[in-house]
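Me: Hey, can you walk me through this one? I'd like to know how the chains sit against each other.

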4 protein chains.
Amino acid sequence: MAKSKFEYVKQFESEDKLLPNCWIVVRIDGKGFHRFSDVHNYIKPNDDRALDLMSKAAETVMEEFKDIVLAYGQSDEYSFVFKKTTNVYNRRASKLATNVVSLFASSFVYFWPRYFGTTMMQYPPAFDSRTVLYPTDKNLRDYLSWRQADCHINNLYNTCFWKLIQEKGLTPAESQERLKGIENGDLDLSLQLHLSGSSTSRSQSARGHGRGMDSRRSPQMSRKLTRPNIDRLHVDLIGEQFWTDYPDILNPPKR
Amino acid sequence: MAKSKFEYVKQFESEDKLLPNCWIVVRIDGKGFHRFSDVHNYIKPNDDRALDLMSKAAETVMEEFKDIVLAYGQSDEYSFVFKKTTNVYNRRASKLATNVVSLFASSFVYFWPRYFGTTMMQYPPAFDSRTVLYPTDKNLRDYLSWRQADCHINNLYNTCFWKLIQEKGLTPAESQERLKGIENGDLDLSLQLHLSGSSTSRSQSARGHGRGMDSRRSPQMSRKLTRPNIDRLHVDLIGEQFWTDYPDILNPPKR
Amino acid sequence: MAKSKFEYVKQFESEDKLLPNCWIVVRIDGKGFHRFSDVHNYIKPNDDRALDLMSKAAETVMEEFKDIVLAYGQSDEYSFVFKKTTNVYNRRASKLATNVVSLFASSFVYFWPRYFGTTMMQYPPAFDSRTVLYPTDKNLRDYLSWRQADCHINNLYNTCFWKLIQEKGLTPAESQERLKGIENGDLDLSLQLHLSGSSTSRSQSARGHGRGMDSRRSPQMSRKLTRPNIDRLHVDLIGEQFWTDYPDILNPPKR
Amino acid sequence: MAKSKFEYVKQFESEDKLLPNCWIVVRIDGKGFHRFSDVHNYIKPNDDRALDLMSKAAETVMEEFKDIVLAYGQSDEYSFVFKKTTNVYNRRASKLATNVVSLFASSFVYFWPRYFGTTMMQYPPAFDSRTVLYPTDKNLRDYLSWRQADCHINNLYNTCFWKLIQEKGLTPAESQERLKGIENGDLDLSLQLHLSGSSTSRSQSARGHGRGMDSRRSPQMSRKLTRPNIDRLHVDLIGEQFWTDYPDILNPPKR
C-alpha cells in the first residue's frame, strides 16, 4: 500500500516486550463492581450466578490462549498464568493484557443471559488488566497463594458481615462496628481453620492441560468438568497437594 | 486487613506512568475481524450496522472517560484522544489501555442487538489496545491524519475491489489482479480527489466537549447528535477546517 | 562470525528508546561528594578549582556530543540538554546516560591536575546519571529554572553557614542551629535579591552553538570563552533575557 | 528547604526498577576503542597492560559494590553480576548502570599510569553500560558462556590475523583475505581445542566472595590474588569445573 507523509507518527509507539523465561500473570479486575453487584442484586455474600459467569468468561479466554496453564479467580478478579516459554504476541505486555481483558469483558456480556436468565444487564461493565512477571515457580505459587489468602480473608469477613445483617438483624454500620475487633485479631488462625474446613468461599481455579492428560485429575477435587481440556476446581492452592496432583502445570509438556 | 506472608509478590508489579504534558492516544483494534465480519455476513465494502455499533461502543467509552476530547474510528479500529493534562488513573498506561478496551468490548456485545436485530452474535470478539504519546498538537494531528489517510486508501481499494466483483462479475482473485497496477499507482492523487469529493468511506469521528458548548458545532458537518455532549461527525481531519471549527479540542477549557 | 548456542541470551536485553520530539536532559550527579570534597580539602563554600574542573569535564562531553545545545551545572551536578530532534544512539536512554556520565567521569580525572596542581586525587569518584524527557520549551526552561533556583537556595544557605563559621567563629552545629529560622523563612525573597545582585553562587552554564555564531554572544554575560563553539557563562536562566539573547538554543539551526 | 514553583518538573522523571529475584548483569563496553588502542599503541593482538588496567578498574567497582558476585571481562568490555537479592539503589536500572560505568571510567584514567608508565593518555575514553536481567542460574551461566565464547572466537581470529602480519609479512588486507575461509569453517572445533589448550586469549574473571572463604579457591586456576576478597582468574566459565569449585557464586552466603 502507498504510504502517507504522516507515517512517521508510528515511531512514537514504544516496545513493551516482557522478559523471557518468566511466568506471565495477567490479572483482570472489575471496575466499580460494588455498584455493579448492587444494581444487579447480586446475592450476598457470594452469588453463584456471578461467580459461574466469571469462570465461563475465564474459560473462553483459556480456550483462545492455549498457553495459559492456570487461571484463578475470586470475586470480580481473575488471574491468568501463561507458561514461561510462551511467545504469544511476541510477549508484548500491552497485547497480552488487552486481548485477555477485552475477550473476558465481551464474554462476560455474551454469556450473561445463560447465568442471569431474565435479569437484564443494566449497563456494560469495564475491567482493568495488568501483566506481572514471576521468575521462579516459588514466586508464582506465592502469587497464587497471595490471591487465595486474600480471597479467604475477604470471604471470612463478608460471610460474618452478612450473617450479622441477615440473621441477627444488624444494620450494615452495626455489623461493621461489631467486626472491628476481629479484623485486627488473629485472622491467620481463622484462615487456617477455614482452609481445612469446608469452603464457604468461592475461589475459582480453572486449569488447562495437554490432550489426554485428564486421567491424572483427582476427581474429588474437581467440581465440574466443562470440556475435555479445562477443569473447574474449588481447591486449596496454598498447600502442596494441588501442585503434587498437577505436576504438568509448572512443567507444561513441550508441544 | 491482615496481610499474608505472600504479600511480597506485589513488588513484582511495575510502574508504567506516562510522561506528563503529552497527548495520550488509546487505539483499539479488532482481533481477527476479517473472520468475524465473514461469520456475521457484514455487507461489503462497508456495513453501516457494524460501523454504527463501533461508534456506539466508542461513545460509551467517551461517556465514561470525560477527559477524552476526540475519538476517531474506521473499520474495526478506534482511537481515543485524552487531553494532555489528564490525570485519569494517574496516567498509568496499562490502566488506560485496559479500561478503555474492556468497556469498548463489553459495549460492542451489549449494543449488538440494537444494530444487528435478529442476527445473533456467534462468539464474543476480542480487541487489542495500546497507548501512544504525542508531545505536540502537530504530532497529534498527524497521527489522526495518518489514520484517516489509511482509512481512505483502504476504502478506495475496497470499494473498487467489491465493485468489480459485485457489478462486473469478477472473482475475488481476478479483482485483486486487476487492481494491482492501481495499488502501485498514484494513490495520493486519488486520495486528494477522494477527500474533496463525496465520501464513500466511513471513517467515524466522535467528539466530546464541555457543557453548553455545542453552539459552536457546525451543524452541516455533523451526521447525528447522540446526546448533548457528543457529536458524531463524518469529516475530513486532514485539512484545517475541522480544527478551526473546533478550537476547544486542542485547547480544552479548564474545569 | 560464527554464532554460539548461547546467543539466545541476547533476547533478554530490553529496548529503551525515548519518545521522539521531546527535549532530552541527561543529568549527572556526584556520588558521595560530601566526602570527596572533604578528603580533597575543597574550599568552602565554593571551590573555583572544583567548579572549573566540572565545567571542563562538561565541555569535553559537549565536544563529543554535538547535539547538546546547553549544559548547566552547579556543585557536583551537571545537566546536558540534547535537542529535540537528536537521533544520537537512536535515542536509547541507557546509551545516552552512560556514555555521557562515563566521559564526564573520565574527563574529571583526566583534567584534575590542570586545576588541582600538586593536590593528588585520593580515589576515583563515581557519578550517577539519568535521562528525563521534556515535551515543551516551557517544561525545559522550568527544569533549568528548577536547578538554578535550587543552586541559589543552597548557595545562600552555604554562604551564610560558612561565614558564621569562618568569620564569627561558630561551630558547624551552632551555625546550623542559627540558620534554622532562616531556612524556614522567606527564602524566595532572598532569592530574588540574590539573583539581581552580584552572584556569589557558582552555577555554570556552558552552551554550544553552530560555527561562526559567537558574534551574537553578549560579552558581559560570558565569563570566559574556552573555544570557538562553546561559551562558559554565569548567567540567570530563570528570567527572559538569556533566552532572548540566545534564540538558537530552543530553535537550533538545522544542519 | 523551600521549594520553588518549578518543582513540578520532577514528575517527568520515570521509574525504572528492575524485576526482583533475577540476576542483574551490568555490562560496560568501550566506545571507539579501536581508535583508542591505535592512538595508544596497544600491543596486538593482546596488550597485557590494557587488560590489567581493565581488571584493575573492574576491581575498584567490585570493592565499591559488595553485591557483585562475579565480574567477567575481555577486550574493552566487562560484565558485572549482582546477586539476585541485591537491593542496591533499590534496583533502579539507570542508577546501577551509571554508577558502575562512571566509576569504571574514572578508575581507568586514575590507574592508567600504574600500567602504562610514561605513556601518556591522549584523551579521556567513554564507555557505555546496560543492565540485563537473567531469571535463572542457567540463563546467567549461558550469558557468561556467550561472552567467553565470543572472546575465544575473536581471540582465535585476532591471533591468526596478527601472526600472518607480524610473522609472515602479510598486509592487513591480505591477512583478512587469507582468513576468510577459516572464518566460515569449523570454529567450534577450534574453540574446543583452544579451551582445553593453553590460553592465548585474555578473558578476565574477577570474583568476590565472603570473608575467609578463599581456602576453597583452586590455586592453579588463579593467576594472581589482588586482595583478600577478590580473585583474578583466567579460567573456563563454559564448563562445569568453575561452578563446582565456587558454589557460593550462584548461592551467595546470606549476610
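**Where the chains meet**

Reply: Sure. Let's begin with chains C and B: 7 residues of chain C are in contact with 7 residues of chain B. This is a predicted model, by the way.

Me: What classes of residue are on the side of chain C that touches chain B?

Reply: That side has 4 nonpolar and 3 polar residues, and no charged ones.

Me: How does chain C superpose on chain B?

Reply: You turn chain C by 180°, with 0.0 Å of shift along the axis, and it lands on chain B with an RMSD of 0.1 Å. The two copies are thus related as by a two-fold rotation axis. The same surface serves both copies, too: 100% of the contact residues of chain C recur in chain B.

Me: Which residue of chain C comes closest to that axis?

Reply: C:Pro135 does, with its C-alpha at 2.7 Å from the rotation axis.

Me: OK, switching to chains B and A. How many residues does the contact take from each?

Reply: 45 residues from chain B and 45 residues from chain A.

Me: Which elements of chain B give two or more residues to that side?

Reply: Helix H3 (93-110), strand S4 (127-134), helix H5 (137-166) and helix H8 (187-196) of chain B. H3(B) gives the most, with 14 residues.

Me: And what's the mix by class on the side of chain B that touches chain A?

Reply: There are 25 nonpolar, 11 polar and 9 charged residues on that side.

Me: New topic: the core. Which residues touch the most other members of the largest nonpolar core?

Reply: That core has 227 residues, and the ones touching the most other members are A:Phe104, B:Phe104, C:Phe104 and D:Phe104.

Me: Take the one in chain B. What does B:Phe104 touch?

Reply: Leaving out residues up to four places away in sequence, B:Phe104 touches B:Ile28, B:Ala57, B:Ala58, B:Val61, B:Tyr78 and B:Phe127.

Me: Last thing, confidence. What's the average pLDDT for chain A?

Reply: Chain A averages 83, and 79% of the residues score at least 70.

Me: Where does pLDDT stay under 50 in chain A?

Reply: One stretch is residues 184-201 of chain A, for which the model has 19 contacts beyond four places in sequence. Another is residues 209-228 of chain A, with 22 contacts beyond near neighbours in sequence. Where pLDDT is low, the predicted coordinates shouldn't be read in detail.

Me: What scores does the predictor give the complex?

Reply: An ipTM of 0.84 and a pTM of 0.86.

Methods
Residues numbered from 1 in each chain as written. Chains lettered and ligands numbered in written order. Predicted model: local features only at pLDDT ≥ 70, side-chain atom pairs only at ≥ 80, totals over all residues. Core = buried A, V, L, I, M, F, W, Y, C linked by C-beta atoms within 7 Å. Buried ≥ 20, exposed ≤ 12 C-beta atoms within 10 Å, placed from the backbone. Contact = placed C-beta atoms within 7 Å. Least-squares fit on C-alpha atoms with pLDDT ≥ 70 in both. Helix = DSSP H or I, 4+ residues; strand = E, 2+ residues; numbered from the N terminus. Nonpolar A, V, L, I, M, F, W, Y, C, P; charged D, E, K, R; others polar. pLDDT = per-residue confidence, 0-100.
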